[in-house]
Amino acid sequence: MKIMQVGVKAGRVETEAAEALVLMLCEGDNFSEQRAASIDKAMGGALTDLLKSKEFEGKTGELLLLHTQKTIPAKRVLLVGVGKKGSAGLDTIRQAMGYAAKRVRQAKATSFTVSVPAFVPRDSSVIEVAQAMAEGAILGSYQFNLYRSDLAPGKDVAQMTLLAPDKSSLHDLSEGIRRGAASAEAAVFVRDLCNHPSNVMTPTRIAQEAKAIAKETGVTLKILEQKDMEKLGMGALLGVARGSHEPPKFIILEYHGARKKEDRPVVLVGKTVTFDTGGISLKPAENMEHMKADMTGGAEVLAAIRAAARLKLPLNLVSILPVTENMPGGRAMKPGDIVTTLSGKTVEVQNTDAEGRLILSDGLAYAGRYKPAVLIDIATLTGACVVALGQFAIGMFGTDATLKESVRTAGLRAGERVWEMPLWDEYFEQLKSDVADMRNIGGRGGGMITAALFLSKFAGDWPWVHLDIASTDWSERERAYIPKGPTGIGTRLLIQYLIDRTL
């Protein structure tokens, strides 16, 4: 899909010609704020009448579209509720813009103007408000209809314009839009990759996408083929790949944006299983089609480095993607097999469906070669994460308090929240093997924790955080700016962390 363009200008709402003019209103707002009051006056008190009749109350997610009948230059006015003023945060604004973009599209309009809200959420800036507005609108307008021949091509909303009351805030609003557009485009890119079926989005196609990013942005790209992995001794990744006819890939992208070339990089590692059957430990058939999105972590670190390059962030960044399918077959890895990882540690494979941690073990070990300033891996790792956290939080584990707090703060800003889980050595008892250094599963109890603890043994002594996005990567229903299906959640968290690190 084409990405909505977002711009900004100074002007007065009552004189603004637009296909639709969006006003965000809080509960109890009586149009005392000048911008809304001027529209209400020009429309003969129509907005006040709506409040009096309680047809519109300003509750979160409430929408009401009015045709202006040429009382003002704008053809339509769309009222969007944001709830109580004191509790409205950045994600409230993001959601409001997601709802607005959908409603404007339903009205067959191709552009809209939105008045920058007079309120700024507590502990936020004008830049962050503009960023949230751009993100919400772009993400809310997302559709994936590439394979739908039964749908007639519709008109997309091509343009959103932020309308500021004066020129004093234009610089900050423009910067917020720049960040928000890059962040939202990255999440859209991830959704697209994960929506493609696995017969299209193969390891080879992932490599092609990485090549396109390198060509566009100038980041350095290295792709290790199977023979290269064999020479290095990536036995865990190669073990998972054995059952597939699709050759595995190990992709490394490097972005050099730091003022000092010798600055140690942030290294991101993403689980990239383009389809996960479970291997010999075959998954149940129900919902197995969702496993085309088991590559979400890899797609997100790919998108993050593209966004960092587009934003010209002043840091060094490395994205690492171990890429494979996990398939059953005559050559497939079997329960009881032992693999030797890149680190030299041996793993008894007791369940071939615990494959994500295996390919990440080689990815994390390779990441150590960069002596990372921080190391973050992101993965649709465990069903246990869904059981523990449902669909509204990412599971976070880590070894460095400062890094964990930075990731937590970035998650709050991005509206992609994390919840820290314990990483206690006592749980490693469940991973002990009689025949190898460890086994790849630790039983039903604490499954998310034992998976993270397994990864910790390959993360070295670098400041490290593991993000389990199995709880958030797929949505069973459409929400404000979250589509049904692959969500891309985790992408904007990573990008926000990178932005925060440079400020």
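**Burial, cores and pockets in a predicted model**

Biologist: Is Cys26 buried or exposed?

Modeller: Buried means under 20% relative accessible area, exposed means over 50%, and partly exposed lies in between, with a 1.4 Å probe and protein chains only. The model is a predicted one, in which local features need pLDDT of at least 70 and side-chain atom pairs count only at pLDDT 80 or more, while totals for chains, interfaces and linings use all residues. Residues are numbered from 1 along each chain as its sequence is written, and side-chain values use heavy atoms, with hydrogens and water left out. Because its relative accessibility is 5%, Cys26 counts as buried.

Biologist: Why does Cys194 have no bond to the closest cysteine sulfur?

Modeller: A disulfide is taken here as a pair of cysteine sulfur atoms within 2.5 Å, and a search of the whole structure finds zero of them. Cys194 is itself buried, at 1% relative accessibility. The closest cysteine sulfur to that of Cys194 belongs to Cys385, and a bond is ruled out because the separation is too far, at 16 Å.

Biologist: Which helix supplies the largest share of the largest nonpolar core?

Modeller: A nonpolar core is a set of buried Ala, Val, Leu, Ile, Met, Phe, Trp, Tyr and Cys residues joined through side-chain atoms within 4.5 Å. The largest one holds 98 residues, of which Phe112, Leu162, Val407 and Leu467 touch the most other members. Its largest share is twelve residues, and these come from the helix spanning residues 170-195, α5.

Biologist: How many residues are in the second, separate core?

Modeller: Among the members of this second core are Ala379, Leu423, Ile449 and Phe458. The core is separate, and its number of residues is 49.

Biologist: How many of the residues of α13 are buried?

Modeller: Helices are DSSP runs of H or I with at least four residues, strands are E runs with at least two, and both are numbered from the N terminus. In α13 the buried residues include Gly447, Ile449, Leu453 and Ser456. The helix is largely enclosed by the rest of the structure, because the number of its ten residues that are buried is ten.

Biologist: Which helix gives the largest share of the lining of the largest pocket?

Modeller: On a 1 Å grid over the protein atoms alone, a pocket is an open set of points where a 1.4 Å probe fits, with protein on both sides within 12 Å along at least five of seven lines, and lining residues have an atom within 4 Å of a point. The largest pocket has a volume of about 1,200 Å³, and its 40 lining residues include Lys283, Leu381, Thr382, Gly383 and Ala384, which lie nearest its centre. At least two lining residues come from each of α10 (356-367), α11 (383-389) and α13 (447-456). The largest share, four residues, is supplied by α11.

Biologist: What is the volume of the second largest pocket, and which helix gives the largest share of its lining?

Modeller: The second largest pocket has a volume of about 780 Å³. Of its 35 lining residues, Leu90, Asp91, Leu412, Gly415 and Arg417 are the closest to its centre. Both α3 (90-106) and α12 (401-414) supply at least two lining residues, and the largest share, five residues, comes from α3.

Biologist: What is the phi of Asp123?

Modeller: Asp123 sits in the loop between β5 (111-115) and α4 (126-140), and counts as exposed at 73% relative accessibility. Most residues other than glycine have a negative phi. Asp123, a residue other than glycine, has a positive phi, near 65 degrees.

Definitions and conventions
Points joined across faces, edges and corners; volume = space filled by probe spheres on them.
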